[in-house]
Amino acid sequence: MVFIKLTFLNEENLLRYFAIAGYKYAGLRGAAWCMCGNSYGSGGEVSAEQCDTPCPLGPGTCGGLLRSSVYETTAPGGSYLGCFVDTEDRDLPLLIQVGS
């Protein structure tokens, strides 16, 4: 796993960044973490209500406690794919902390 901390990007820009970097999927978790990779979902999909944490840098919701709002980065603006369980052995291995 790679860990990077960013304080200047919002969620839309992160999705764009991940797409440019060549990753197919991005996950937003707990309003402070973003992950990316080329596969997702091994932890299983859960109800959207479990991804109800407000995004700190923009509108919408950014996952929840050990839950990731997963997006396809190749779609304009990111296409929402659902709420998924985030496990320690994550599908989206590049981890970025957003905020201070």
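**Exercise 1. Which residues lie nearest the centre of the largest cavity, and how does its lining divide by residue type?**

Step 1. Start with the lining: 14 residues surround the largest cavity, and Gly41, Val85, Asp86, Asp91 and Leu92 are those nearest its centre. Keep in mind that this is a predicted model, in which local features need pLDDT of at least 70 and side-chain atom pairs count only at pLDDT 80 or more, while totals for chains, interfaces and linings use all residues. Residues are numbered from 1 along each chain as its sequence is written, and side-chain values use heavy atoms, leaving out hydrogens and water.

Step 2. Recall the term: on a 1 Å grid over the protein atoms alone, a cavity is a set of points where a 1.4 Å probe fits but cannot get out, and lining residues have an atom within 4 Å of a point.

Step 3. Sort the lining by type: six residues are nonpolar, five polar and three charged. Here Ala, Val, Leu, Ile, Met, Phe, Trp, Tyr, Cys and Pro count as nonpolar, Asp, Glu, Lys and Arg as charged, and the others, Gly among them, as polar.

Step 4. Add the elements: β5 (67–72) and β6 (79–85) each bring at least two residues to this lining. Strands (E, at least two residues) and helices (H or I, at least four) are DSSP runs, numbered from the N terminus.

Step 5. Finish with the volume, which is about 110 Å³ for the largest cavity; a volume is the space filled by probe spheres set on the points, with grid points joined across faces, edges and corners.

**Exercise 2. Which residues make up the largest nonpolar core, and which element gives the largest share?**

Step 1. Fix the rule: a nonpolar core joins buried Ala, Val, Leu, Ile, Met, Phe, Trp, Tyr and Cys residues through side-chain atoms within 4.5 Å. Buried means under 20% relative accessible area, exposed over 50%, and partly exposed in between (1.4 Å probe, protein chains only).

Step 2. List the members: the largest core has 11 residues, namely Leu14, Leu15, Phe18, Ala26, Leu28, Cys34, Cys36, Cys55, Cys62, Tyr71 and Leu94.

Step 3. Assign them: α1 (11–20), β2 (25–29) and β3 (33–37) are the elements giving two or more residues to this core, and α1 has the largest share, with three.

Step 4. Look beyond it: a second, separate core has five residues, including Tyr25, Met35, Val70 and Leu92.

**Exercise 3. Is Cys55 buried or exposed, and what about Ser79 and Leu66?**

Step 1. Take Cys55, in the loop between β4 and β5. Cys55 is buried because its relative accessible area is 10%. Its C-alpha lies 8.0 Å from that of Ala32, 23 residues away in sequence.

Step 2. Turn to Ser79, in strand β6. At 29% relative accessibility, Ser79 is partly exposed. From C-alpha to C-alpha, Ser79 and Tyr25 are 9.4 Å apart.

Step 3. End with Leu66, also found in the loop between β4 and β5. Leu66 is partly exposed at 46%, and its phi is positive, about 55 degrees, although Leu66 is not a glycine.

**Exercise 4. Which strand has the lowest mean pLDDT, and which the highest?**

Step 1. Read pLDDT as the predictor's confidence in each residue, from 0 to 100.

Step 2. Compare the elements: strand β1 (residues 2–6) has the lowest mean, 50, and strand β4 (residues 45–46) the highest, 96.

Step 3. Apply the caution: where pLDDT is low, the predicted coordinates should not be read in detail.

Note on methods
1 Å grid on protein atoms, 1.4 Å probe; cavity = no way out; pocket = protein on both sides within 12 Å on 5 of 7 lines; lining within 4 Å.
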